[in-house]
Amino acid sequence: MNKTKKSYSVEELCELLSGTLIGHTTEEISEPEQIESADKNSITFIGHKKYISLWEKSKASSAIVNKSLGLNEPGHNRAFIEVENADLAMAQLLDLFTPPPVELNSGIHSSAVVESTAQLGKGVVIGANAYIGPGVQIGNNTQIYPNVTILDDVEIGSHTIVKSGTVIAERCVIGHYTILQANVSIGSDGFGYRPSPDGKGIVKITHIGNVVIGNQVEIGSSTCIDRGKFSSTTIGDATKIDNLVQIGHNCKIGRACLIAGSCGISGSVTLGDGVVMAGQVAVKDHVTIGNGVTIGGKSGIINDIPDGQTILGFPAVEAKETLKQWAIIRRLAKNR
């Protein structure tokens, strides 16, 4: 299917999504949209039963719906595309309707500063006012947006995107096909201080390590990842980190983790593979969180967590136990 096409029939979209068409609409579909904001040329999404009641008032001509909801009456000149997972189908559809990316001029902008010992691969693009320090190595087809700072001896792989305002400090390593969104900080000193011997001041601890980020990682805007005190702070392949996340020195983040916004991970924390961390989670230093752990929003982690658990609360324990505790507290409060 031609991705540059402006609009599609519901039959074309159904074929793309390998779904089942219920009903029919003659309207051409030119955009995906939230169910409350959609118009007749929009396709929307019903992935949860709480959105079913909004369909009748919606102006959308079509919707992607979860098969598990059992919806079969879209209405006159309206259609459902029934799929197994509406969220994944939405991802496919958004890819189809993605506007063209920002166009950087090819090559190196005249206002960029590239030190003579930097090594650039084929097809590297460097935007206005970027700084590329001595000994930096950048792989093929990587894009450095305007106003990026990359300091001495950094290594960046191929097909990586570094967006404006990002700072990558000295000796850090970034993998292939990785995306750093705007204003990311990689490799600042960690928060390492101790009281001075005389008790009258604070001694700063030098951090001589670096940050090593794997392949196909995405790091959200204004996230900060501190360098190791010694050795490396590491982020595993395919991990996705939201905006405004703090990752302390010498953390070891596993493969394919999902870390939502405003999480704070203290120094020397280890996350296994496939950890899912909801927003505003706080993790104490030197804690180990096992593979496949899911952590509810605003939880506080103060102890090691075994593989596969779902935890919640402050301090966080297994989610079922936390919900029992909350229910007991509510009953006690009612009976006062």
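The legends below walk through several views of one protein, shown as a predicted model.

**Figure 1. The whole protein.** Let's start with the full chain before moving in. The protein has 336 residues, and buried residues make up 41% of them. Its secondary structure comes to four helices and 37 strands. Along its principal axes, the C-alpha trace spans about 80 × 70 × 30 Å. The protein exposes about 17600 Å², and carbon and sulfur atoms supply 52% of that area. Among the contacts with a separation of 6 or more, 19% are between residues 24 or more positions apart.

**Figure 2. An open sheet of eleven strands.** Follow the strands in this order: S8-S11-S14-S17-S22-S25-S28-S31-S34-S36-S37. Their pairing is mixed. Which strands stand at the edges? They are strand S8 (125–126) and strand S37 (317–318). Each has a single partner strand, so one side of each is left without a neighbour in the sheet. As a reminder, strands of a sheet pair through backbone hydrogen bonds, either parallel or antiparallel.

**Figure 3. A parallel pair within that sheet.** Here we look at strand S25 (residues 240–241) and strand S28 (residues 258–259), which run parallel and are joined by two bridges. To find your place, look for isoleucine 241, which stands opposite isoleucine 259 in S28.

**Figure 4. Strand S5 and its two partners.** Is strand S5 (residues 79–83) enclosed or open? Five of its five residues are buried, so S5 is largely enclosed by the rest of the structure. Both faces are covered, with Ala79, Ile81 and Val83 on one side and Phe80 and Glu82 on the other. Strand S1 (residues 20–23) pairs with S5 in the antiparallel sense over four bridges, and threonine 20 stands opposite glutamate 82. Strand S4 (residues 62–66) pairs with S5 in the parallel sense over five bridges. One match to look for is isoleucine 64, whose bridge partner in S5 is isoleucine 81.

**Figure 5. Strand S3, with S2 and S4.** Strand S3 (residues 42–46) has five of its five residues buried, so S3 is largely enclosed by the rest of the structure. Ser42, Thr44 and Ile46 point one way, while Ile43 and Phe45 point the other way. Two bridges join S3 to strand S2 (residues 31–32), and the two strands run parallel. In this pair, glutamate 31 stands opposite serine 42. S3 also pairs with S4 in the parallel sense, over four bridges. The bridge partner of phenylalanine 45 in S4 is isoleucine 64, the residue that is also matched with isoleucine 81 in S5.

**Figure 6. A salt bridge between two loops around S5.** How many salt bridges does a search of the whole structure find? It finds four, and three of their close-ups follow, beginning with glutamate 84 and lysine 67. The closest N and O atoms of this pair are 3.7 Å apart. Glutamate 84 lies in the loop between S5 and helix H3 (86–96), and lysine 67 in the loop between S4 and S5, so the pair ties together parts that are 17 residues apart in sequence. Glutamate 84 counts as exposed, at 64% relative accessibility, whereas lysine 67 counts as partly exposed, at 45%.

**Figure 7. Arginine 227 meets glutamate 170.** The side chains of these two residues form a salt bridge of 3.8 Å, N to O. The pair links distant parts of the chain, 57 residues apart. Look for arginine 227 in the loop between strand S23 (224–226) and strand S24 (232–235), and for glutamate 170 in the loop between strand S15 (167–168) and strand S16 (173–174). Arginine 227 is buried, with a relative accessible area of 1%. Glutamate 170 counts as partly exposed, at 29% relative accessibility.

**Figure 8. Strand S20, with a salt bridge and a nonpolar patch.** Aspartate 189 forms a salt bridge with lysine 204, and the closest N and O atoms are 3.2 Å apart. Aspartate 189 sits in the loop between strand S18 (185–188) and strand S19 (193–195), while lysine 204 is in strand S20. Both residues are partly exposed, with relative accessible areas of 38% for aspartate 189 and 44% for lysine 204. Strand S20 (residues 202–204) also holds isoleucine 202, which is exposed at 66%. Together with Phe191 and Tyr193, Ile202 forms a nonpolar patch on the surface, with about 390 Å² of accessible area in total.

Conventions. Residues numbered from 1 in each chain as written. Heavy atoms only, no water. Patch = residues over 30% accessible without salt bridge, like charges linked within 9 Å, V, L, I, M, F, W, Y side chains within 5 Å. Areas by Shrake-Rupley, 256 points an atom, 1.4 Å probe, with all protein chains shown as cover. Buried < 20%, exposed > 50% of the residue type's maximum accessible area, 1.4 Å probe, protein only. Pairing = 2+ DSSP bridges. Contact = heavy atoms within 4.5 Å.
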